[in-house]
Number of protein chains: 2
Amino acid sequence: MVTKAMAKVEAQLNGIDTARMFETIEAIRSDPALARFEFRASNAWVSGGENRSTIQGFYGAGREDDSRAAPFVFTNGEPPVLLGDNEGANPVEFLLHALAGCVTTTTVLHAAARGIRIEAISTELEGDLNLLGLLGLDEAVSPGYERIRMKMTIRADCSAEALDALLAFAHGHSPVCSTVCRPVPVELTWVRG
Amino acid sequence: MVTKAMAKVEAQLNGIDTARMFETIEAIRSDPALARFEFRASNAWVSGGENRSTIQGFYGAGREDDSRAAPFVFTNGEPPVLLGDNEGANPVEFLLHALAGCVTTTTVLHAAARGIRIEAISTELEGDLNLLGLLGLDEAVSPGYERIRMKMTIRADCSAEALDALLAFAHGHSPVCSTVCRPVPVELTWVRG
């Protein structure tokens, strides 16, 4: 749990405005409805394994966000061995990017709350996938990742024990890591366009 | 299950080279080891909620892939309300992009295998996230998405029943959708750098 008392507060730690961080946390603690967020993406198919997402607005902290003047646009593709032309990274690779970023940001945020100065983090990810699942050739094989390995190299001004505790906390509290580690329902509905 | 007999085979359907698709499937069927893939990403922290991933090589179909002359590079960021400066989309938004792309590509691939011509697909995604989980303010709240809604608009030359079956299959066999819907272990190890 993040509390002001846990931190040797500095105005800026790990690139985070800690005063604003603790204000945000206090605001959420006094009105938990502010913690509800809805993130969004719009995606359009192009051809074959190519499709494109547009990401801009979201709801959170009690209001529609309007901080982004222009949308972010990302293209999924597939490599030739998966019948594409490398139009972009493929979706399972984007998932690794999301996972790496989320565990890193969760680590950096909670380090700031604990008064731990992070000097560097880099992470190597590997995910095992068996195409027999995607292709429906063996229903006993999960179509998703079988497991994902994250190997983090980290430099910080704390003990090994404090890093163990920080990273166990980040693993357990990262939204993307939690979405991967636990079952999350995906409701798919369709209309004819 | 994808079989040649199911398809009214055309050389190119939905932007997919169907002859190569069926060759790939037959190759995997006769040597299931070819179905084993390892996807990878390298991520480096920049500051605060900003970090950057590099994606290039992977192992699959029995060899190291060398089809990408240059890496894909993606930046995670956070909006101001989450203490960032919109340096990029945030990790939970990238996860929606990955999910949209994977369900779309799985739909398009299996449509081609079934001889269904897809004319258009677009998808709107919404994911509900409660920050009480990330912040560790309520351990009963999952840090991950509580649920994700995908609303697809699709145009294809088949019946509503065939679309229902196709989309149920895609939901069940998309690697990213399966990674989200089922628990997947994430092993996090660290060394001091």
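# A tour of helices in chains A and B

Begin by selecting Leu163(A), Leu166(A), Leu167(A), Ala170(A) and His173(A), which are buried residues of helix α4(A) (buried meaning that 20 or more other C-beta atoms lie within 10 Å of a residue's own, exposed 12 or fewer, and partly exposed in between, with C-beta atoms placed from the backbone). Looking down the axis of α4(A), you will find these buried residues within an arc of 140°, so they line one face of the helix; the arc is that of the directions from the helix axis to the C-beta atoms. The model is a predicted one, in which local features need pLDDT of at least 70 and side-chain atom pairs count only at pLDDT 80 or more, while totals for chains, interfaces and linings use all residues. Residues are numbered from 1 along each chain as its sequence is written, and chains are lettered from A and ligands numbered from 1 in the order in which they are written.

**Around α4 of chain A**

Now turn to the other side of α4(A), where Glu161(A), Asp164(A) and Ala168(A) are exposed. The helix has 14 residues, which at 1.5 Å a residue should span 20 Å, and its end C-alpha atoms are indeed 20 Å apart; the expected span is 1.5 Å times one less than the number of residues. Helices (H or I, at least four residues) and strands (E, at least two) are DSSP runs, numbered from the N terminus. To see what the buried residues of α4(A) pack against, select α2 and β9 (145-156) of chain A together with α3 (131-134) and β10 (186-192) of chain B.

Keep α4(A) (residues 160-173) on screen and add α2(A) (residues 91-114): their axes come within 9 Å and cross at roughly 130°. Axes are lines fitted to C-alpha atoms, for helices over the stretch in contact, and angles run from 0 to 180 degrees between N-to-C directions. The two helices α2(A) and α4(A) are therefore oblique to each other, given that angles under 35 degrees count as roughly parallel, over 145 as roughly antiparallel, 65 to 115 as roughly perpendicular and the rest as oblique. The crossing of α2(A) past α4(A) is right-handed; a crossing is left-handed if the near helix is turned anticlockwise from the far one by less than a right angle, and right-handed if clockwise. Among the residues to highlight where they meet are Val103(A) and Thr107(A) in α2(A), and Leu166(A) and Ala170(A) in α4(A), contact meaning that two C-beta atoms, placed from the backbone, lie within 7 Å.

**Where the chains meet through α2**

Next, show α2(A) with α2(B), whose axes come within 8 Å and cross at roughly 165°. That angle makes α2(A) roughly antiparallel to α2(B), and their crossing is left-handed. The residues making this contact include Phe94(A), Leu95(A), Gly101(A) and Cys102(A) of α2(A), and Phe94(B), Leu95(B), Gly101(B) and Cys102(B) of α2(B).

**Into chain B**

Move on to α2(B) and α4(B), which pack at an angle of about 130° with their axes 9 Å apart. These two helices, α2(B) and α4(B), are therefore oblique to each other, and α2(B) passes α4(B) in a right-handed crossing. One of the residues in this contact is Leu167(B), which lies in α4 (residues 160-173) of chain B. Centre the view on Leu167(B), which counts as buried with 21 C-beta neighbours inside 10 Å. Leaving aside residues up to four places away in sequence, Leu167(B) touches Leu188(A), Trp190(A) and Thr107(B).

Then select Arg155(B), in strand β9 (residues 145-156) of chain B. Arg155(B) is partly exposed, with 13 other C-beta atoms within 10 Å, and it touches Arg192(A), Gly193(A), Glu119(B) and Ala120(B), again not counting residues up to four places away in sequence.

**Last stop: α1 of chain B**

Finish on α1(B) (residues 18-30), where 13 residues reach 18 Å from the first C-alpha to the last, close to the 18 Å expected at 1.5 Å a residue. Its buried residues are Thr18(B), Met21(B), Thr24(B), Ile25(B) and Ile28(B), and, seen down the axis of α1(B), they fall within an arc of 120°, so they line one face of the helix. On the other side of α1(B), Arg20(B), Glu23(B), Glu26(B) and Ser30(B) are exposed. To view what covers the buried residues of α1(B), include α3 (131-134) of chain A together with β1 (12-13), β2 (16-17) and α2 (91-114) of chain B.
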